[in-house]
Structures are given as C-alpha cells and as structure tokens.
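Here is a walk through a protein–DNA model for anyone who likes to check contacts by eye. Have the viewer ready and follow along.

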2 protein chains.
Amino acid sequence: MTITQLRYVLAVAEHQNFTKAAEKTFVTQPTLSMQIQKLEEELAILIFDRSKKPIELTEVGKKLVQQARNIVNESERIQDIVDQQKGYIGGEFKLGVIPTVMPTLLPMFLHNFIKKYPKVKLKIEELTTEAIIERLHDGHLDAAIAATPLQNESIKERVLYYEPFVGYIPPSHRLNQKKKIDVADLDIDDMLLLEDGHCFRDGIVNLCKTQKSYDEDHFQLESGSFETLVKLSNEGLGMTLLPYLHTLDINDKEKSNLHFFNEPSPAREVSLIYHKSELKMQIIEALHTTIAGIVKGAITFQNVEIISPIAKIKSD
Amino acid sequence: MTITQLRYVLAVAEHQNFTKAAEKTFVTQPTLSMQIQKLEEELAILIFDRSKKPIELTEVGKKLVQQARNIVNESERIQDIVDQQKGYIGGEFKLGVIPTVMPTLLPMFLHNFIKKYPKVKLKIEELTTEAIIERLHDGHLDAAIAATPLQNESIKERVLYYEPFVGYIPPSHRLNQKKKIDVADLDIDDMLLLEDGHCFRDGIVNLCKTQKSYDEDHFQLESGSFETLVKLSNEGLGMTLLPYLHTLDINDKEKSNLHFFNEPSPAREVSLIYHKSELKMQIIEALHTTIAGIVKGAITFQNVEIISPIAKIKSD
DNA sequence: TATTCTTAATAAGTTTTATCGATAGCTTTT
DNA sequence: AAAAGCTATCGATAAAACTTATTAAGAATA
C-alpha cells in the first residue's frame, strides 16, 4: 500500500470514472486501473463495484476511502510542518467566501495580503455556507469566510470581526421618522431580504445575494453586490438591512436613509473557518492576522448582539 | 514521500542507529541511508543530525517523526478495516500484563481465547504499568491489562472486573482475632507489600511482584507469583493483602488465614487498556468479551470501593 | 440488429526506483 | 596505531510504476 495508491482511489471515488480521475491525477488510465487492482489484491477486497455504471464504491470501499482521505491529509501535513519550520508561507490556497461578505471585505484585505505573502497563490470562490462546509470536508477548500457560529463538529472557527446590521429605510417607510431603530420594530412584511446567507433566528429572515464578475492576476473570483437591494428599497418596496461594511460605500443621498439600531445592535459574527485537521495553518494564521488587523479599524461598535443561523449570543 | 520512507525514519529515530534500524526493517543499511536522504531532499530539510553520536533528530525531525508515526498508524488501520469487514480476527497481537494480574488471570482465559481465535498470535509480556503506558504510546504493545483508572489522555480503558482485596493474616498477627477487617485497621508497619503495581492512595502502599518463567506453543510470557509474600507472612513478618483471585489457589491450611474486609471491600479495577487510536479493535473486543465473560463467574462481590493509583471511586 | 461510443482491462515495452553487495571514509574504542 | 563501528557512496540488478496501443464489454444510437 502506498500513499499514491490511496490518492488514486480517492480520485476514482470522487469522479466515479477512471478516465477522469486519471486526468486529475496526471497519469494515464491504465496506471490507475493497475495500481488500484494491485491495492485490491494486496488487501484481498474489491474497492469498486465495476459492474455499476457509473462505477460505485463497495461497502468496504466506502470505509477505506474515509481512512484513505485521512491518511492523505495527514501526509500532506508533513509539508506543512516543514514550511512552518522554515517560516515559509506559500503555495496554493483555496478560500471560500459567502456572497454577503465577498464585495465588502475582499477589497479591504486582498491587496494587502498578496503584497505581504506573494508566494501564496490565493484562489477565492464565492460559495454558499452549505457549499463551503461540504468543500471544507472533502478538501476542495482550505478555508473560508462565513457567518458563525456554525456548530459543526469538524470545522474550527476563528472570529474575524462582529459586523452590526444597519437599517436602510427609504423616506416612504413607516420607520423613517425614528432616528434609531430597534429589532422589535422590524416586520418581515415590509422588509427586503436576500435568499442566501444567515438569518435572524426569530422569524426575521435571511440576507444577501446578486451576481457580478471580477478577475485579476493573482486570484480568481465571482462576486455579488447589495446595490440591487438598495435600489429596490428606493423604489418603495420596503426597508432592508445592510451589514455595516456595506454601508461604507453607499452614496451620500442614500446615506441619509441609514438608521442604526439602538444598542445592543444586532450583528453577525464573521469568522475564518477551516477543517479541524488544521492543514495549512500558517496561511490560515496569516489570513486571520491580516484581515482582523485591517477590519479592526473599520468597525468600532462596542455593544452588539450576535445573530446567527444557530443561536443568539451576547457579546460586548 | 512514501509510507515506507516514513517507516524507515521511525526506525532510525527509535534505534538512533541506521544499521540496527535496517535490521529491524529487514532491509540493508544503504537502503535506509538512501531513502531517508531522498525524503530529506524532497522536503529540503535535515531530519537527522548525523554529526552527533549516536545520531539525533533535528528540531524539524522531531515534529516530522510525530506526524510520521501518526501516518503509519493510520495506514495500518486500513488492514483493520478490511479485517473487520471480513469478520477476520487474526494476526500478531502484543498484550502487556501487569505482574499482579499475570499469574491468576492468564490461566483463566488464555486457553479459551486461543481456542476461540486460533488465527491470533498472542504475544504476552509482563510489564509494569509505566512500561505498558510507554509501549502503548510507541506502538510496541497493542493492548494491556492493568489496574485503572489511569487518567491518561491518550489511553482508553475498558473495565474487565473489580477485584476485592483480601487480608492474609498469620496467627501471630494482632488482627488475627478479627473475623472481618476494615481498611482503618491496616498499619503499614506490620504489612508486607510488593514494590510494583498500583497502590492504596492514603498512605497504605503497593502490591506485587516476583519472577517465574513460562512458555508455550501459541504465546510467550514471563510471569511472577505471590507465594513468596505469603511465605514471608507465615514467618511472622506481618500480614499482607492479596487480590481476590490470588486467594483461590492457596492451600487449605493457609486459607484459614484469609480475612475478608467488611463491605464495602477495597478493590481494584482491572481493565483492558489500549491506545486511543483504536488499532486492532476487533482483537481488543474479542479479548474483552472472552475475559469479562470468564471472570464474571469468579468474582461475585457486590459492594466494593475501588482503590487506584489516581483516586478513590465508589462503586456497587 | 448492427454499429458506434464509452470506458475499463490487458499487453508489451520503457523508465524509474528500490534494494543489494561491496567498499570507502569518518569517528570512536581499544 | 590498529581495530571496530557507522554511515555514505558506487555500480548493478530486480522490481515497480508508468506509457502507448489494443482489446473487451456494456451502453447508446442508428
């Protein structure tokens, strides 16, 4: 049994197809066939059921794949250990970001980060929280930025910042007279909210998503914006809630429509999350330091109440 | 990087000597030299400091060895998974046993076990608790039988039985008149106790060890007995404490010197212990079932108070 | 039903690599 | 100073991993 064989098994299990798996692992299809046969022979089991189309894992195969993934992960961590020792921070790093954080946070730290750690090849992808969790599990993402807490056993979280929500209330709206608003004032029926993202637990729901595209040399991404929501709001379709950072680049005329909450302001907790196996921790540390440092100046609220998909948590 | 290379690194790290490590891994010394050099080159680090005699690990080397052990362990578990699937229980299994359990428990279950699981090649070794813990960590033992609880983070315990202590009190001893004795009666000054083993926490100390040799077809072992202690006691050198199972094969004349404790009788907890990585769990399960089943009939006390090296625990 | 496509297995040949035996070179021991 | 103990290096060899080309089997299509 070799690590290479285990990698091949993982590739075939993932793509359910020897030919595709061969491409992904940069070898020819016969190589995969032979190596996997050899492993099956050595263990005296069948890993794949080749009679099914597409190919399927056998029962033992499923268990073996779990363990194989574990071993391959752990073996990759050896390079991590070496890098850490050398103080080297580099290599490819795949970061997921939820749509409601993407457009505001990314421009704030990205330039800074790639200047500070030029050896890191950042690949950023906009994904929903569910997609992020799935990809952290199967190793397609190294880390992600999402609203927390997630209460997911195998995912660790490092808080980046707490971001208060701000009411965007057009003149026509019933709450426009109130200087500062309260959570109790909110009514789901005269509010505009986006589908994706996290949600107010108690009946008030959801923030956030649209489309927009963006490309650069060092990284790749796909993004969304809040503009549409504000515009719809201006059309008198209701008030909306904006995460604080989104209110910073709104135009002056619209700025007057912003109504802060009385403290404690509802807020979301935004964290850098990663798999508990803690692969590539140096880069994760570097990201955390960079982002937390930069955002610290931008958000200075003190008394907030965290809103999450899971639970309400007091913080100050 | 291959699993084989990691095995080689582990062997050299353990023996601090390429030549010896080569013997243990059944290859020649040049093979080790080259493979380890290759790994060092691939990672661009030095794993060993060859200027020191004997050879030493570098700082990175130490961290790498930890991770290497992890990977090798996890890779061995693959065979476990396959065995489990097939319902196959076999292979070499190294079991450590503390001296005070060896002579009484072993004869009770050994025959039974090797008959039931003939494919398992049991290698039994008598060891102190400290030696057992060390060897469970470095993988030289697969499991062990010892007095618990150990409160060791990386070792799991499965209780086999609770074994009460019985006073062996010669006619000359001050307590001989009492039919049943209490822990409060005990005095360290007129008691004979052995060095090794576990101990009464509150000042009263230690049980257990002598030497004796034993060999058979399916297994290998080295053992000790309690005879000496009883004989010394007969010579008027003080009373002693015997674990219950030891009192079963004492001669009739001496049996009259046995004095049970008033309930709750002090007792020790004897467990099957193994590393938290849970390698070879099928065999561990098999051992547990066999032993617990056999001992159940032999010990029928109901109200006992567990004595351990760590803490006092109530049980009934 | 025949034929075309897809995909994995097999075969044959090449390249790479793991290992060995012999030995050189360095250090420690006697 | 000689001997012993160790690791690195060299050259050779057998094993393995991989490639290209081909076959075989099953599914899709004509």
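## Strands around β6(A)

Let's start with a small pairing: β6(A) and strand β11 (residues 258-259) of chain A run antiparallel and are joined by 2 bridges. Here A:Gly167 sits opposite A:His259 in β11(A). For the wording, strands (E, at least two residues) and helices (H or I, at least four) are DSSP runs numbered from the N terminus, and two strands pair if DSSP finds at least two bridges between them.

Before going on, some ground rules: this is a predicted model, where local features need pLDDT of at least 70 and side-chain atom pairs count only at pLDDT 80 or more, while totals for chains, interfaces and linings use all residues. Residues are numbered from 1 along each chain as its sequence is written, chains are lettered from A and ligands numbered from 1 in the order in which they are written, and side-chain values use heavy atoms, with hydrogens and water left out.

Back to β6(A). Strand β6 (residues 155-168) of chain A also pairs with strand β12 (residues 265-275) of chain A, antiparallel, over 9 bridges. In that pairing A:Arg158 faces A:Leu272 of β12(A). Strand β10 (residues 239-243) of chain A is another antiparallel partner of β6(A), with 4 bridges. A:Gly167 turns up here too, opposite A:Leu241 in β10(A).

## How the two chains relate

Chain A superposes on chain B by a rotation of 180° with 0.2 Å of shift along its axis, at an RMSD of 0.2 Å. That is the relation of a two-fold axis. The fit is by least squares on the C-alpha atoms of residues with pLDDT of at least 70 in both copies. The copies meet through the same surface, because 100% of the interface residues of chain A are also interface residues in chain B. Contact here means heavy atoms within 4.5 Å.

## Around the DNA

Now the DNA, where a residue counts as near a strand if one of its heavy atoms lies within 4 Å of it. DNA strand C has 17 residues around it, and A:Ser33, A:Arg50, B:Thr28, B:Thr31 and B:Lys38 come nearest. For DNA strand D there are 15, the closest being A:Thr31, A:Lys38, B:Gln29, B:Ser33 and B:Arg50.

Which part of DNA strand C makes up most of its atoms within 4 Å of the protein, sugar or phosphate, or bases? Sugar or phosphate accounts for 75% of them and bases for the rest. On DNA strand D, sugar or phosphate makes up 72% of such atoms.

Some polar contacts (pairs of N or O atoms within 3.5 Å) are worth clicking on:

| Protein side | DNA side | Distance |
|---|---|---|
| A:Thr19, side chain | strand C, phosphate oxygen | 2.8 Å |
| A:Arg50, side chain | strand C, phosphate oxygen | 2.2 Å |
| B:Thr28, backbone | strand C, phosphate oxygen | 2.6 Å |
| A:Lys38, side chain | strand D, sugar or linking oxygen | 2.2 Å |
| B:Asn17, side chain | strand D, phosphate oxygen | 3.2 Å |
| B:Thr19, side chain | strand D, phosphate oxygen | 2.8 Å |

The largest share of the surface near DNA strand C, 5 residues, is supplied by α3(B). Near DNA strand D, α3 (29-43) of chain A and both α2 (18-25) and α3 (29-43) of chain B each give at least two residues.

As for chemistry, the surface near DNA strand C holds 7 nonpolar, 8 polar and 2 charged residues, and the one near DNA strand D holds 5 nonpolar, 8 polar and 2 charged. In this count Ala, Val, Leu, Ile, Met, Phe, Trp, Tyr, Cys and Pro are nonpolar, Asp, Glu, Lys and Arg are charged, and the others, Gly among them, are polar.

How values were computed
A polar contact is a pair of N or O atoms within 3.5 Å; within protein, one must be able to donate a hydrogen and the other to accept it, and residues adjacent in sequence count only if both atoms are side-chain atoms.
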